[in-house]
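Thanks for sharing this one with me. Here are my notes, point by point.

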Amino acid sequence: MSLSNLAIAKTDDLPIRHEGSVHSGKVRSVYWLTAEDSARIIEEQGYDVSPGTELAVMVISDRISAYEIIWQGEDGLMGVPGKGASLNATALHWFKEFEKAGLAGNHVLASPHPLVWIVQKAKPVMVEGIARQYITGSMWRGYERGERDICGIPLPEGLTNGGKLDELLITPSTKGILQGIPGVPEKDDVNVTRQQILDNYEAFAFHSPEDVDHYEKLLAEGFKIISDQADQADQLLVDTKFEFGYIPNASGDGYSMIYIDEVGTLDSSRYWDKPAYADGKIVENSKEMFRKFLCDSVPEADVLLNKERMDEREVLGTSFKVPTEALMATSELYKSTAEQLTGTAVPAIENARQEILDALSAYGIVE
């Protein structure tokens, strides 16, 4: 029996008029619109953006990635049903909360369908801002190996896996491959220190050293907003990743730093069940649950955990098929946790491709 219609995995072949290649990331496809369509839509929709701003249609899929691999399922199910709608709903909720709190804007101008965003182009900062309130995951694995600092921050003796840290740690990593920065390997996603960013702020695409302080402030204050609201929903925010970019101000007087990509989702953040943690147990309510399933299910977990075995991991990504029940359990987790965090039901998707095109027809870009 084919289950392929339950999840939308391919999103880079929609008949949307665009310029250049469609950029297809791990879960989203981005269609950059022509200058003419961007200008027309900005005027028709009344978007408060700088003249000449480039717009894109960003379509989220139900694909699931972990350990740099996009995983395939059994029986034609190539994704997690409802995952894309859950992610978009969660990220939009936090974007709105951040704006309401006066932190910063974001790249999303409209969401005409639960799987679609209309976004404005931003120049990304080449740092992934990671904030950690508990020690777990890669940080714990390094600590267990005897590492006593992370991103130049000293760590005390006596920490235990899953323990709460005395303070929120900001542990940045590179976004993309950066060249010519002293002490920074030319690889994607490598840890860097605050001092390395300050000493080379232009190479990391910051406008000034003061903007390094500003991104840390937006990261810490955003973390607090999510953490406080999650706590009320019986969830602990363990760690999260934010990305930032610059846009020209609509008034033409300089630039503003905004949130881009997604924030506070189950893909970009770890959440733990609060009552279970109080009882001494860790119950994952994020993609970490799926990662744990993979480690428990593949022949050798080290292939997933060891970056030196990437060739073997890629082979595993094509040969291992995720059982249907694991994908459906992940679907329910994403949906239920998103609804707990946002207080709103995640919209159901019946016919993703047709619904997306119907929603975009009003913008005059469906071919």
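**Notes on the second pocket and two helices**

1. The second largest pocket holds about 410 Å³ of space. Here a pocket is an open set of points on a 1 Å grid over the protein atoms alone, where a 1.4 Å probe fits, with protein on both sides within 12 Å along at least five of seven lines; its volume is the space filled by probe spheres set on the points, joined across faces, edges and corners.

2. This is a predicted model, with local features needing pLDDT of at least 70 and side-chain atom pairs pLDDT 80 or more, while totals for chains, interfaces and linings use all residues. Residues are numbered from 1 along each chain as its sequence is written, and side-chain values use heavy atoms, without hydrogens or water.

3. Lining the second largest pocket are 22 residues (each with an atom within 4 Å of a point). Nearest its centre lie Asn5, Leu6, Ala7, Asp62 and Ile349. At least two lining residues come from each of α2 (83-100), α10 (324-342) and α11 (352-360); helices are DSSP runs of H or I, at least four residues, numbered from the N terminus.

4. Back to α10: its 19 residues reach 27 Å from first C-alpha to last, close to the 27 Å expected at 1.5 Å a residue (1.5 Å times one less than the number of residues). Just after α10, Gly343 has a positive phi of about 70 degrees.

5. In α3 (residues 137-144), Gly137, Met139, Trp140, Gly142 and Tyr143 are buried (under 20% relative accessible area, 1.4 Å probe, protein chains only). Gly146, which follows α3, also has a positive phi, near 105 degrees.

Technical notes
Buried means under 20% relative accessible area, exposed over 50%, partly exposed in between (1.4 Å probe, protein chains only).
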